[in-house]
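Biologist: I've got the sequence and the fold up on my screen. Can you walk me through the strands and one of the helices?

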Amino acid sequence: MVENSRDNDDNDEMLAEKFGGYTVKQRLREEIESPFRNLRLYLFGVSTASALLALYFSAFSALKGYLGGFSNIPPLEESLQSCAINVGAVLVCGFLTYRDYVAGEANLERISKGGALARLRVISMNKNLKHQLTMKDYRRNSRVVIAVGGDEYISTLLRSLSADQRSNSMNLVDSLKEVNAIIVPVLLEDNGKRVGYTLDKWQALQLVNDEDQNFDVSCADSIISIPTGNRQWSDYLKSEIETAQKQGFDVMTKGFTITVKKNGRILRRATGQPQWNTFISAMEVMDGSQFGMPGDSANNKKSLK
């Protein structure tokens, strides 16, 4: 029993080792998703090398034909035709090899980022669940909306969940619960360079000028999870923030959301505050739940313990 446990630990360590920036486990998963990519890379790569070799000899023959004085060489026109054919083969095979390689690297990056997302830790405000969870714990059970922004953005978001300004009854939280939504507000500080303590912001939330109807800071506890392990969250969101800033978006005031499907994959990214009405009405179709996507059907719903 002890030896089997040690063997399993050794296998886990081996799968976790990185080479070329990705773990063995991530590369195996990419190979499962695209089982013939390595075969195509090999065939296209060999074809490219073969075309380059043929181009070398045809170009050498063309040069000798142009200079003259050599025997046993094909006519110059024939050599030039061979050169043209080989150049075309190099370009086509090289392009196909490069395209498949880039697609594989992009897929590996997605898998790697998906793994990083799954490991992010949160504190559930729902008293019926374990207090500390990882994002992976929400797979197959919940759709997660990660809302990222500065102080004012997060305050507005949390206040919209703590008070319903649309009617005299608190129904927004109930509607979000019906579509299995979990909201993870992430407070940014220092112009997006680090993640702050969202829990303090949540606990300090107060009514503003009596404009919020039915204000109750605890009413949304069942759908709120607060990020913990701020450094890991900062590392994960770094590329998202940089991309948004390069596109001219102010991540501190405007903010952005990342919607994660029940299967753990990212459904969409959007700027601004979440549009709850659209989210609630469209979510069943947008993430494939109505079409029997794995892990999304009603038969697969399980409660977190």
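Biologist: In what order do the 5 strands of the open sheet come?

Modeller: Keep in mind that this is a predicted model. The sheet is open and its pairing is mixed. Its edge strands, each pairing on one side only, are β7 (194-195) and β10 (266-271). Reading across, the order is β7-β6-β5-β9-β10.

Biologist: Which residue in β10 stands opposite I258?

Modeller: Start with the strands: β9 covers residues 256-260 and pairs with β10 over 5 bridges. That pairing is antiparallel. Opposite I258, in β10, you'll find R269.

Biologist: How many bridges join β3 to β8?

Modeller: β3 (residues 121-124) also pairs with β4 (residues 132-134), antiparallel over 3 bridges, so don't mix the two up; there, V122 stands opposite L133. With β8 (residues 225-228), β3 again runs antiparallel, and R121 stands opposite T228. The number of bridges joining β3 to β8 is 4.

Biologist: How far apart are the end C-alpha atoms of helix α3?

Modeller: Helix α3 takes in 31 residues, 37-67. At 1.5 Å a residue, it should span 45 Å. The model agrees with that, because the end C-alpha atoms are apart by 44 Å.

Biologist: What do the buried residues of α3 pack against?

Modeller: The buried ones in α3 are R37, T48, A51, S58, S61 and A62. After the helix comes G68, with a positive phi near 80°. As for packing, the buried residues of α3 sit against α2 (24-33) and α4 (76-119).

Key
Residues numbered from 1 in each chain as written. Predicted model: local features only at pLDDT ≥ 70, side-chain atom pairs only at ≥ 80, totals over all residues. Heavy atoms only, no water. Expected span 1.5 Å × (residues − 1). Buried < 20%, exposed > 50% of the residue type's maximum accessible area, 1.4 Å probe, protein only. Contact = heavy atoms within 4.5 Å. Pairing = 2+ DSSP bridges.
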